[in-house]
Amino acid sequence: EAERERRMRFLDFGKDDQDRLRALAPFVDSIADRVVAAFYAHVLSMPETAAFLGDPAMVARLQLAQRRHFLQLCSGPWDAAYFESRLRVGLAHARIRLPPHLYLGGYLTQMREVQQAFAEHLADDPVRSLAGQQSFLKVLMLDIALATDAYIYVGFVERGDADTRAYEATLAQEALELKLREEEKREELLRMVMHGIRSPVAAIMAPLTERGLLRMFY
């Protein structure tokens, strides 16, 4: 609990921000489908993320979960249960080996849509619009921090390093095998060349050798 409070204090996400977001709950609910649709349109347009979303039924379930998450993100409560739920989601993404830069990059789509919606909804009150956007950004940063913690906790970075080293070792092994095959080809070519050279030389030397032998005996 102390750690939870410390984090929120560090982000300056206090009571004023929480009250501001709760007061905007009807507005947030009205843009939830828009934000979720923009998010999935983006991730499904990218081969790197679309590869994780091949099942339409799963996508439909994830869209519902994403909508609930967006509403909770903006309405709270931002208590211990909220922290635990966000860590669990981060762990799930880490376990399916979704690279963190793809997972975290998805937040940008949400932020962009929310900022645009705030600007449209509060066009006649830019001060309130800016305050609402800043409060949303604070809670979004809290969510990002928890996701990052989850990736670190399951050792995703260490596994990524291990995968990189394994890939480098594979490349090195392939390069060594290629070098050995090239050396074998060179040796075979050298044997063919030497055989081609020896054949005419042997033909030339044969009568000389025979005359030499004749001189030795006569």
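Trainee: Of the contacts with a separation of 6 or more, what share comes from residues 24 or more positions apart?

Mentor: That share is 80% in this chain. Keep in mind as we go that this is a predicted model.

Trainee: Okay! What kinds of elements does the chain have, helices or strands?

Mentor: Nine helices and zero strands. Read from the N terminus, the order is α-α-α-α-α-α-α-α-α.

Trainee: And how much of the chain counts as buried?

Mentor: Of its 218 residues, 29% do.

Trainee: Since it's predicted, where is the confidence highest and where is it lowest?

Mentor: Helix 2, residues 15-23, has the highest confidence, with a mean of 90. Helix 9, residues 156-217, has the lowest, with a mean of 61. For the chain as a whole, the mean pLDDT is 78, and 78% of the residues reach 70 or more.

Trainee: What should I do with the low parts?

Mentor: Where pLDDT is low, don't read the predicted coordinates in detail.

Trainee: Got it. Let's look at helix 2, then. Which buried residue can I click on there?

Mentor: Try glutamine 18, which is found in helix 2. Its relative accessible area is 15%, so it counts as buried, the cut-off being under 20%.

Trainee: What does glutamine 18 touch outside its own stretch of sequence?

Mentor: Leaving aside neighbours within four places in sequence, glutamine 18 is in contact with Met8, Phe13 and Trp78. You can also check its C-alpha atom against that of glycine 76: the two are separated by 7.7 Å, though the residues are 58 apart along the chain.

Trainee: Trp78 came up there. Where does tryptophan 78 sit?

Mentor: In the loop between helix 5 and helix 6. Tryptophan 78 is buried, with a relative accessible area of 3%.

Trainee: What surrounds tryptophan 78?

Mentor: Quite a list! Not counting residues up to four places away in sequence, tryptophan 78 touches Arg4, Met8, Phe13, Gln18, Leu21, Arg22, Gln72, Leu73, Phe83 and Val139. Take arginine 4 as an example: its C-alpha atom and that of tryptophan 78 are separated by 9.1 Å, with their positions 74 residues apart along the chain.

Trainee: Anything to notice in the backbone before helix 2?

Mentor: Have a look at aspartate 12, in the loop between helix 1 (2-10) and helix 2. Its phi is near 60 degrees, a positive value in a residue other than glycine.

Trainee: New topic: how many aromatic pairs are there?

Mentor: Five in the structure. One of them is phenylalanine 27 with phenylalanine 118, an edge-to-face pair with 5.1 Å from centre to centre and 75 degrees between the planes.

Trainee: Which elements do those two phenylalanines belong to?

Mentor: Phenylalanine 27 is in helix 3 (residues 25-45) and phenylalanine 118 is in helix 7 (residues 100-121). They are 91 residues apart, and the pair links distant parts of the chain.

Trainee: Are the two rings' residues buried or exposed?

Mentor: Phenylalanine 27 is buried at 8% relative accessible area, and phenylalanine 118 is buried at 1%.

Trainee: What about pockets? How much space lies in the largest pocket?

Mentor: About 670 Å³. Helix 3, helix 5, helix 6 (80-95) and helix 7 each give two or more residues to its lining.

Trainee: Which lining residues lie nearest its centre?

Mentor: Tyr40, Leu62, Gln66, Val89 and His93, out of 25 that line the pocket. By class, the lining has 15 nonpolar, eight polar and two charged residues.

Trainee: Let's zoom in on Gln66. Where is it, and what does it touch?

Mentor: Glutamine 66 is in helix 5 (residues 56-75). Beyond residues up to four places away in sequence, glutamine 66 touches Val36, Phe39, Tyr40 and Gln110. It counts as buried, at 13% relative accessibility.

Trainee: One last residue: is arginine 86 buried or exposed?

Mentor: Arginine 86 counts as buried, because its relative accessibility is 8% and the cut-off is under 20%. You'll find arginine 86 in helix 6.

Trainee: And its contacts?

Mentor: Setting aside residues up to four places away in sequence, arginine 86 touches His69, Tyr103, Tyr107, Asp143 and Leu146.

Methods. Residues numbered from 1 in each chain as written. Predicted model: local features only at pLDDT ≥ 70, side-chain atom pairs only at ≥ 80, totals over all residues. Heavy atoms only, no water. pLDDT = per-residue confidence, 0-100. Helix = DSSP H or I, 4+ residues; strand = E, 2+ residues; numbered from the N terminus. Phe/Tyr/Trp six-rings, centres within 6.5 Å; stacked < 30°, edge-to-face > 60°. Buried < 20%, exposed > 50% of the residue type's maximum accessible area, 1.4 Å probe, protein only. Contact = heavy atoms within 4.5 Å. 1 Å grid on protein atoms, 1.4 Å probe; cavity = no way out; pocket = protein on both sides within 12 Å on 5 of 7 lines; lining within 4 Å. Points joined across faces, edges and corners; volume = space filled by probe spheres on them. Nonpolar A, V, L, I, M, F, W, Y, C, P; charged D, E, K, R; others polar.
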